[in-house]
Amino acid sequence: QQQPQRRGMNKSRCNSRLETFAGQKWKAVSYLNGSPLWRLFIALAIWGVLCSLFLSSHILHIHSSGDSEFTSSDGPKSVSVSSSPMSRIQLFTTTFPGKGFHEFQITCARSLHFFWPLEYADVVVVLDQPVFNDENIRAVHTAFPKNGTKLKNLHVAMNPRSNQSFYGGGWYIQQLIMFWADNFTTAEYIGFMDDDTLFTQAVQEIDIFDEKGRPHVIAKYPTNRPKRARRWIANWYKQTKYILGEKHFVNAMTNFPVVIKRKHLAEIRKAILQVHPEFSCFDEFYATIKDQCKHQCFSQFNVMFQYLWTHHREEYSWHFYPDYPYGPHLQGIPSNSSIAERFPYIQTGSLKENGVTEKMLQIYPFVSIHATYQDKGRGEFSIREQFVSSVMKRGYCFSQPLLTSTTGNQTLDSRCDEFDLWNDVNYQNNWAWCIPDLMKVDPERVKKAHQDRLKQNRNHDWDHEELKIIFNMSMTGNFSFPVLTCSKV
């Protein structure tokens, strides 16, 4: 039987590329797949190491897989044992020297240190620039993201795959890194975020995991948005169908952190290759995506969570919103509609037919915004710093445990008297990223969701130096927020 035609490279070269990318991890896998003696030797060695660690009461947590070519030299970190799933998540972002570093420091790292529980704050930053071969350049680029941030458990890894002529531009390489994120961390859960993610309230376990310990997924289902949105929105849906071989239903490019089980990434890559057997490895297929349409024509999160919705639905806690809260198709797109005819790659049928339950439609607050979408300080870091301070001040007040459910002073901190915590719903911080019309369409449900979450506020270990900054900044808390539209998402 004739073999499918291979593109670009044969099987051996494809495996070679994988080993180059993954370093020691892939070499270890090849050993374990070798002779029984090798497997026995490795098993005995691992058992001996584990026994030694147990006797010395040190538990090592390795943050990056691979050799020193593209990982930091921080080494393993000692972590405390906790039953909370928050102790098993590592936050993951990619950035680039220059503006990206500063964006990460003044927006993401600063708000993360302020709002994330510090005992669980664990971040890996992956640089996608071809600097890892030069030790001097690598040393500078490895140290820079850590400068100016208080995050202690911040690890820098280098991605050696920077061939833009093969993969596409830097944007495509960033998405590729996320598909291979399991090579940079061994944490059970990976929390993806952009370098301009701005956290907006004190994060608790209930914001990231449900009562069963499952990661929350905030997603949108298709209505009649494709014909109203920019063309690339429809391209996202179309490319999900091309990549996975199944119609699009889940748009998970909605909030940060996007949390996924690490073990599912390898499964997703394998599933994609099963749809496209003419390619020898995932990278070979991925390099063709850029040829399917123009700039940024797919969403890696849509692909990941469309697969998880189909194959691992019960392992995640799903929350759905309509991608456009107006029009005739809020309960799903009928198969005989003009939308279905014009966009055949979108999943049709009612929400119930697609498996969406009433509980999944309950409104759920966000814990971050995309700072760049606010158009505040894009390239003007002094403006961005003021904007971040304003958001952090507001987020601090809306994170305080309530004393009463009335207007006026509802917390022990009188500095928060300017906010009507119970009725304001903290719209700019928790709702305005990608569903700005939700308040107009369903204000009572939004208000109830806000109040239910407000009741869950607990004490948080606040950075008192930051509190001095945000309450004594030259700009007042009345920073003007723009009216947002999802056309930027």
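**Exercise 1. Pairing within the sheet**

How many bridges join strand 6 to strand 9, and do these strands run parallel or antiparallel? Work outward from this pair to the rest of the sheet.

*Solution.* The structure is a predicted model, in which local features need pLDDT of at least 70 and side-chain atom pairs count only at pLDDT 80 or more, while totals for chains, interfaces and linings use all residues. Residues are numbered from 1 along each chain as its sequence is written, and side-chain values use heavy atoms, with hydrogens and water left out.

Step 1. Strand 6 and strand 9 run antiparallel and are joined by four bridges; strands here (E, at least two residues) and helices (H or I, at least four) are DSSP runs numbered from the N terminus, and two strands pair if DSSP finds at least two bridges between them. Ile190 stands opposite Ile260 in strand 9.

Step 2. Strand 3 and strand 6 also pair, over four bridges but in the parallel sense, and Ile89 has Tyr189 in strand 6 as its bridge partner.

Step 3. Strand 3 (residues 89-95) runs parallel to strand 4 (residues 123-127), with five bridges between them, and the partner of Thr94 in strand 4 is Val126.

Step 4. The open sheet has five strands in the order 5-4-3-6-9, with mixed pairing. Strand 5 (154-158) and strand 9 (258-261) each have a single partner strand and stand at the edges, so one side of each is left without a neighbour in the sheet. From one strand to the next, the twist averages 30°.

**Exercise 2. The faces of strand 6 and the helices on the sheet**

Determine which way the residues of strand 6 point, and then place the helices that lie on the sheet.

*Solution.* Step 1. In a regular strand the side chains alternate between the two faces of the sheet. Tyr189 and Gly191 point one way from strand 6, whereas Ile190 and Phe192 point the other way, and all are buried, where buried means under 20% relative accessible area, exposed over 50% and partly exposed in between (1.4 Å probe, protein chains only).

Step 2. Helix 7 (residues 170-179) lies across strand 3, strand 4 and strand 6 (189-192), and runs at about 160° to strand 3. Helix 10 packs on the sheet as well, touching strand 6 and strand 9, and its direction makes about 80° with that of strand 9. Such angles run from 0 to 180 degrees between N-to-C directions, with axes fitted as lines to C-alpha atoms, for helices over the stretch in contact; contact means heavy atoms within 4.5 Å.

Step 3. Within helix 10 (residues 263-275), the buried residues are His264, Leu265, Ile268, Arg269, Ala271 and Ile272. They lie on the same side of helix 10 because they cover an arc of only 160° around the axis, an arc taken from the directions from the helix axis to the C-beta atoms. Lys263, Lys270 and Gln274 are exposed on the other side of helix 10.

**Exercise 3. The disulfide**

Which residues does the disulfide join, and which parts of the chain does the pair tie together?

*Solution.* Step 1. The structure holds one disulfide, defined as a pair of cysteine sulfur atoms within 2.5 Å; Cys397 is joined to Cys416, at an S to S distance of 2.1 Å.

Step 2. Cys397 lies in helix 14 (residues 381-397) and Cys416 in the loop between helix 14 and helix 15 (421-424), so the pair ties together parts that are 19 residues apart in sequence.

Step 3. The link of Cys397 and Cys416 is left-handed, with -80° about the S-S bond, and both cysteines are buried.
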